Amino acid sequence: MTLGIGVIGTGAIGQDHIRRVSRALSGGRIVALNDINADNARRAAQEWAPDAVICDTARDLVARPDVQAVMVTSWGGTHAEYVLDAIAAGKPVFCEKPLATNAADCLRIMEAEMARGRRLVQVGFNRRYDSGYLDLKAILDNGTIGDVLMVHAMHRNQRVGPNYKTEMAITDTLVHELDVHRWLLDGEYVSAQVIFPRRTSKALPHMRDPQIALLETKRGIRIDVEIFVNCQYGYDIQCAVVGELGQANLPDPPAVPVKTGETLSRHIMKDWKYRFIDAYDAEIQDFIDRASTGSPAGPDSWAGYAASVAADACVRAQESGRIEPIEMIAKPAFYSR
Ligand code: NAP
């Protein structure tokens with residue numbers, strides 16, 4: 001069976017996912033598109049999905065009988081509404097991160113999904129599908145480096161545009177780290193603090209960059225994450241986990257070492273599109289496979305909620321300068337199955 005997919009939001013990552021469903025993956029077909037800017041949707045259809053219908057509204061798209069699953073890749077502030085529409089229609093939905101821009105909306109999504117009685121939501125935490133992170137997790141889980149004590153992580157972008165605000169370093173960028181560390185360590189956070197080193201002159205005037213988030217888990221593991229989104233040189237994701245017996249590092253993506261003119265060099269990726277291309281392919285293929293035969297199995301609404309609660313605390317910490325508590329509801333049995 002080929003899964004009919006409707007995509008809401010045809011910007012950067014929307015187009016990238018439309019391309020991969022149409023050209024790189026199997027089992028899915030893009031049948032409908034919607035974007036607040038219909039020209040964006042038409043351009044995406046022309047390029048990657050010429051048979052797709054352009055819908056006037058997201059609600060029209062979700063209601064179409066040929067749309068068997070929905071992908072939400074619009075601006076973050078719209079995610080909750082569209083995910084709730086898909087749940088109400090009983091259709092599996094892949095939602096790019098963040099699941100919602102606040103924890104209260106994530107709770108509404110979980111309640112709607114539980115009321116439906118079946119898992120319908122997969123959140124776009126693509127790093128869980130990255131081979132480097134998967135290998136790192138396997139090493140932590142098999143005890144090679146002993147009990148984990150600390151994590152030192154880093155998220156660097158070359159530069160960001162004028163719409164990117166200081167808070168988005170948390171809600172748009174750190175949110176990946178907030179998910180991946182609780183997954184790697186299999187534990188929840190209890191507190192967060194955000195500190196600001198000396199500001200780079202390369203950031204636009206309205207932005208404080210870089211920032212460092214300091215997280216603590218229930219087991220007392222301390223995680224420091226540098227977020228530096230105007231680093232100039234490339235897209236660079238690092239993670240070093242320190243245990244009682246050793247250290248394990250996230251591998252850099254493979255690149256040919258080049259020796260020339262008494263210099264040894266290696267290419268660094270430009271952005272997320274290339275750095276995590278295999279992980280995006282794997283997460284969307286998983287969504288297609290699982291949605292075709294039942295329910296998605298990737299990162300669930302609970303993961304979206306947990307990251308959102310932690311992000312809310314980090315945003316408060318940006319403002320207060322204090323250590324802020326991270327408090328979650330008890331995990332519903334529905335998400336422990
Ligand atoms: P983008 O290039 O700005 O694309 C968003 C698209 O959604 C634009 O075409 C925008 O139209 C449209 N849109 C805005 N409001 C809408 C609405 N109410 N209904 C339908 N469409 C609407 O942004 P992006 O970089 O693709 O990011 C989209 C989402 O993916 C964000 O949540 C982002 O955090 C996430 N993302 C995830 C990753 C990852 O690594 N997993 C990477 C990149 C992005 P206009 O241009 O007219 O506003």
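Lysine 97 is buried in this predicted model, with a relative accessible area of 16%. That label applies because buried means under 20% relative accessible area. Even so, lysine 97 has two partners worth finding on your screen. One is the ligand: a polar side-chain atom of lysine 97 lies 2.8 Å from an oxygen atom of the ligand. The other is aspartate 172, with which lysine 97 forms a salt bridge, the closest N and O atoms being 4.0 Å apart. This pair links distant parts of the chain, since lysine 97 sits in the loop between β5 (93–95) and α5 (103–116), while aspartate 172 belongs to helix α7, 75 residues apart. Unlike a buried residue, aspartate 172 is partly exposed, at 30% relative accessible area.

**Around the ligand**

Now let's look at the ligand's surroundings. How many residues surround the ligand? There are 27, and the closest are Asp35, Asn40, Tyr82, Lys97 and Tyr280. By type, the shell divides into 9 nonpolar, 14 polar and 4 charged residues. Helices α1 (12–24), α4 (79–88) and α7 (168–185) each supply at least two residues of this shell.

Asparagine 40 places a polar side-chain atom 2.8 Å from an oxygen atom of the ligand. Isoleucine 36 takes part through its backbone instead, with an N or O atom 3.2 Å from a nitrogen atom of the ligand. Taken alone, the ligand exposes 910 Å², and the protein buries 75% of that.

**Salt bridges**

Side chains of opposite charge can pair when their charged atoms come close. A search of the whole structure finds 19 salt bridges, including these three:

| Pair | Closest N to O distance |
|---|---|
| Lysine 97 and aspartate 172 | 4.0 Å |
| Aspartate 141 and lysine 137 | 3.4 Å |
| Arginine 219 and aspartate 147 | 3.4 Å |

Where do aspartate 141 and lysine 137 lie? Both are in helix α6 (residues 131–141), 4 residues apart, about one turn of the helix. Aspartate 141 counts as exposed at 53% relative accessibility, whereas lysine 137 counts as buried at 14%.

Next, meet arginine 219 and aspartate 147, whose side chains join in a salt bridge. This pair links distant parts of the chain: arginine 219 is in the loop between β9 (211–217) and β10 (222–228), and aspartate 147 is in the loop between α6 and β7 (148–156), 72 residues apart. Arginine 219 is exposed, with a relative accessible area of 59%, and aspartate 147 is partly exposed at 41%.

Finally, Asp16, Arg19, Arg20 and Asp281 are linked in a network of salt bridges.

How values were computed:
Residues numbered from 1 in each chain as written. Predicted model: local features only at pLDDT ≥ 70, side-chain atom pairs only at ≥ 80, totals over all residues. Heavy atoms only, no water. Near = heavy atom within 4 Å. Polar contact = N/O pair within 3.5 Å; in protein donor to acceptor, adjacent residues only side chain to side chain. Areas by Shrake-Rupley, 256 points an atom, 1.4 Å probe, with all protein chains shown as cover. Nonpolar A, V, L, I, M, F, W, Y, C, P; charged D, E, K, R; others polar. Buried < 20%, exposed > 50% of the residue type's maximum accessible area, 1.4 Å probe, protein only.
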